[in-house]
Amino acid sequence: MSRIKRFALAMAFVGTGAFTVSAALAAPNSGEALYSQYCAMCHGKDGKGAMPGTTDLGQANGPLSQSDTVVIERTLKGYKTMPAMDGQISRSQAQEILAYMRKAFNVPAGNSQK
Ligand code: HEC
C-alpha cells in the first residue's frame, strides 16, 4: 500500500470517529433531552407555551389527543406557524419526543379524533 493510500485511510478512520462523537453529542436520544433541546424554547418545559401563538400541548383535547401519525407528521413537516423540524430531528427522534410528551403532559392518543 502506498503512503498516500495509507494516509487517506487513516484520515477516513479519524473522520468517521469524529463524526460519531459529534453526532452523539448533538443528538441526545432520550425523548426528554430531545424535547428540551428542540421544542422547549417555544413550547415551554411544561408544554403550555413559552411564546405567544403556541398551542397548549397539555390540554386533554389538544394537539396530543390526535393520533401518533398526525402529531409526528406535524412535528416533522410543520403545521401553520409551527416550523418543520425534519431538518433537525429524525422520525425516530420525533417518536421518542412524542412518547415523552404523552407521559410528561399526561395526554394519551385518541381522546379526540381531530
Ligand atoms: C420556533 C418555535 C417552535 C418550535 C421550535 C417548535 N414548535 Fe411546535 N408549535 C409552534 C407553534 C407556534 C405552534 C402553533 C401552530 C398553530 O396552530 O399555528 C406549534 C404547534 C405544535 C403542535 C400542535 C399541532 C396541532 O396539531 O395543532 C405540536 C404537536 C408541536 N408543535 C410539537 C412540537 C415539537 C414536538 C417540537 C420539537 C421537536 C416543536 N413543536 C418545536 C412553535 C414551535
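This short dialogue walks through a ligand shell, a helix pair and one residue.

Q: What kind of model is this, and how are residues numbered?
A: The model is predicted: local features need pLDDT of at least 70, side-chain atom pairs count only at pLDDT 80 or more, and totals for chains, interfaces and linings use all residues. Residues are numbered from 1 along each chain as its sequence is written.

Q: How many residues surround the ligand, and which are the closest?
A: A residue is near a molecule if its C-beta atom, placed from the backbone, lies within 6 Å of it. Here 21 residues surround the ligand. The closest are Cys39, Cys42, Pro63, Lys80 and Met82.

Q: Which helices each supply at least two residues of that shell?
A: Helices are DSSP runs (H or I, at least four residues), numbered from the N terminus. Helix H3 (40–43) and helix H4 (68–77) do so.

Q: At what angle do H2 and H5 pack?
A: Axes are lines fitted to C-alpha atoms, for helices over the stretch in contact, and angles run from 0 to 180 degrees between N-to-C directions. Helix H2 (residues 31–38) and helix H5 (residues 91–104) pack at about 100°, with their axes 8 Å apart. So H2 is roughly perpendicular to H5 (65 to 115 degrees).

Q: Is Val71 buried or exposed?
A: A residue is buried if 20 or more other C-beta atoms lie within 10 Å of its own, and exposed if 12 or fewer; C-beta atoms are placed from the backbone. Val71 lies in helix H4. Val71 is buried, because 23 other C-beta atoms lie within 10 Å.

How values were computed. Angles under 35 degrees count as roughly parallel, over 145 as roughly antiparallel, 65 to 115 as roughly perpendicular and the rest as oblique.
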